[in-house]
Amino acid sequence: MTLHTPAQTPAKPEQPGLYGGKSSRRVTVRDIAAAKRRGEKWPMLTAYDAMTASVFDDAGIPVMLVGDSMGNAHLGYDSTVPVTLEQITMLAAAVVRGTRRALIVGDLPFGSYQEGPIQALRSATHLVKEAGVGAVKLEGGERSADQIRLLVESGIPVMAHVGLTPQSVNAYGGHPVQGRGEEAAQQLLRDAKAVQNAGAFAVVLELVTAELAAEVTRSLHIPTIGIGSGAECDAQVLVWTDMAGMTEWPGGRTPRFVKQYGRLREALGDAARAFAEDVVGGAYPAEEHSFH
């Protein structure tokens, strides 16, 4: 008597995660949505040049933001407000050239979308066409919903940004934690739902109380990206110079939400001093560095 066993269905290969994956194509907003459904957490970093971006791409970072944080971290401004669309475009193009896999998101800077949806579409179209980014980011909840809706309808993926919005620094008068108090919490929740309903594929939550950020994350079907907003967000983002220990904070006080994963400022300083001492002392260039 011959026993017949049912045919085994080949197991489907496990879908690679966003972080660290290897592929011949770029990460897309569909991959971001799939990660939310899987409950996968993922990292995002800022980037402002091709060389740094290539390092992060090789490290498997799936999403990079060419943020208007370049104003503070790269261009020497006191805030993000002075950053222009042309500056974003130039540096975003460099980041795109330096990467192969990561989804590159370009910030729409202050003054490039506040007039309304048509201005936002014009600015976003410029950034997509001239820099080659895969998505754009803009600040604001309910007040920016119309801009988001037109961009998405026009085929441009949008990452939203609520909570603390640095472009409004002059209105805030500082960097207060967002969502404290019932009224503020309800407004932030309305803002998050408004950008989702307008078609944003993800939303940054900046300096939002951890409890409220967790509630927002549970309430949305799009991923939340936290910065100073607790551990329950779907993803986390840091400005790369903060993450790598490159930023020099006033008074030496690192913000509470920043974790430094390197000491790059110290390492670069050591390298510069070693070079200078070799030059002054005559050790560089040595014979092996010379041509005859």
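Helices in this account are DSSP runs of H or I of at least four residues, numbered from the N terminus. The structure described is a predicted model. With helices so delimited, Arg273 and Asp270 can be placed together in helix α11, residues 264-281. The two residues are three apart in that helix and are therefore separated by about one helical turn. Their side chains meet in a salt bridge, with an N to O distance of 2.9 Å. Arg273 has a relative accessibility of 49% and counts as partly exposed. Asp270, at 41%, likewise counts as partly exposed.

The pair in α11 belongs to a wider set, since a search of the whole structure finds nine salt bridges. Side chains of opposite charge can pair when their charged atoms come close. Another of these pairs joins Arg263 and Glu266, whose side chains meet at 2.6 Å, N to O. Here Arg263 counts as exposed, at 60% relative accessibility, whereas Glu266 is partly exposed, at 40%. A further salt bridge links Glu40 with Arg38, and the closest N and O atoms of this pair are 2.4 Å apart. Is Glu40 buried or exposed? Its relative accessible area is 17%, and the cut-off for a buried residue is under 20%, so Glu40 is buried. Its partner Arg38 is partly exposed, with a relative accessible area of 35%.

From these charged pairs the description turns to the strands. Strand β1 covers residues 42-46, and four of its five residues are buried, so this strand is largely enclosed by the rest of the structure. Which strands pair with β1? One is β8, residues 235-238, which pairs with β1 in the parallel sense over four bridges. The other pairing described here is with β2, residues 63-66, again in the parallel sense, over three bridges. Leu45 serves as a reference point for both pairings: Leu238 stands opposite Leu45 in β8, and Met64 is the bridge partner of Leu45 in β2. The connection between β1 and β2 involves helix α2, residues 50-58, and the three elements make a right-handed β-α-β unit.

The pairing continues from β2 to β3, as these two strands pair in the parallel sense over four bridges. Within this pairing, Leu103 in β3 is the bridge partner of Val63. Strand β3 consists of residues 103-107, and five of its five residues are buried, so β3 is largely enclosed by the rest of the structure. Both faces of the strand are covered: Leu103, Val105 and Asp107 are buried on one side, and Ile104 and Gly106 are buried on the other.

Strand β3 also pairs with β4, residues 135-139, in the parallel sense over three bridges. Asp107, one of the buried residues of β3, stands opposite Lys137 in β4. A second β-α-β arrangement can be traced here, as β3, helix α5 (residues 117-131) and β4 make a right-handed unit.

Two loop residues, Ser229 and Thr209, complete the account. Ser229 is placed in the loop between β7, residues 224-227, and β8. With a relative accessible area of 1%, Ser229 is buried. Which backbone atoms lie within reach of a polar atom of the Ser229 side chain? The backbone oxygen of Leu205 lies 2.7 Å from such an atom, and the backbone nitrogen of Val208 lies 3.0 Å from one. Beyond residues up to four places away in sequence, Ser229 touches Leu205, Glu206, Leu207, Val208, Thr209, Ala210 and Ala213.

Thr209, which is among the residues touched by Ser229, lies in the loop between β6, residues 202-206, and α9, residues 210-219. Thr209 is also buried, with a relative accessible area of 14%. Again leaving aside residues up to four places away in sequence, Thr209 touches Val177, Gln178, Gly179 and Arg180 as well as Ser229. The contact between Thr209 and Ser229 thus brings together the loop between β6 and α9 and the loop between β7 and β8.

Technical notes
Residues numbered from 1 in each chain as written. Predicted model: local features only at pLDDT ≥ 70, side-chain atom pairs only at ≥ 80, totals over all residues. Heavy atoms only, no water. Buried < 20%, exposed > 50% of the residue type's maximum accessible area, 1.4 Å probe, protein only. Pairing = 2+ DSSP bridges. Right-handed = clockwise from strand over helix to strand, strands pointing away. Salt bridge = Lys/Arg side-chain N within 4 Å of Asp/Glu carboxyl O. Contact = heavy atoms within 4.5 Å. Polar contact = N/O pair within 3.5 Å; in protein donor to acceptor, adjacent residues only side chain to side chain.
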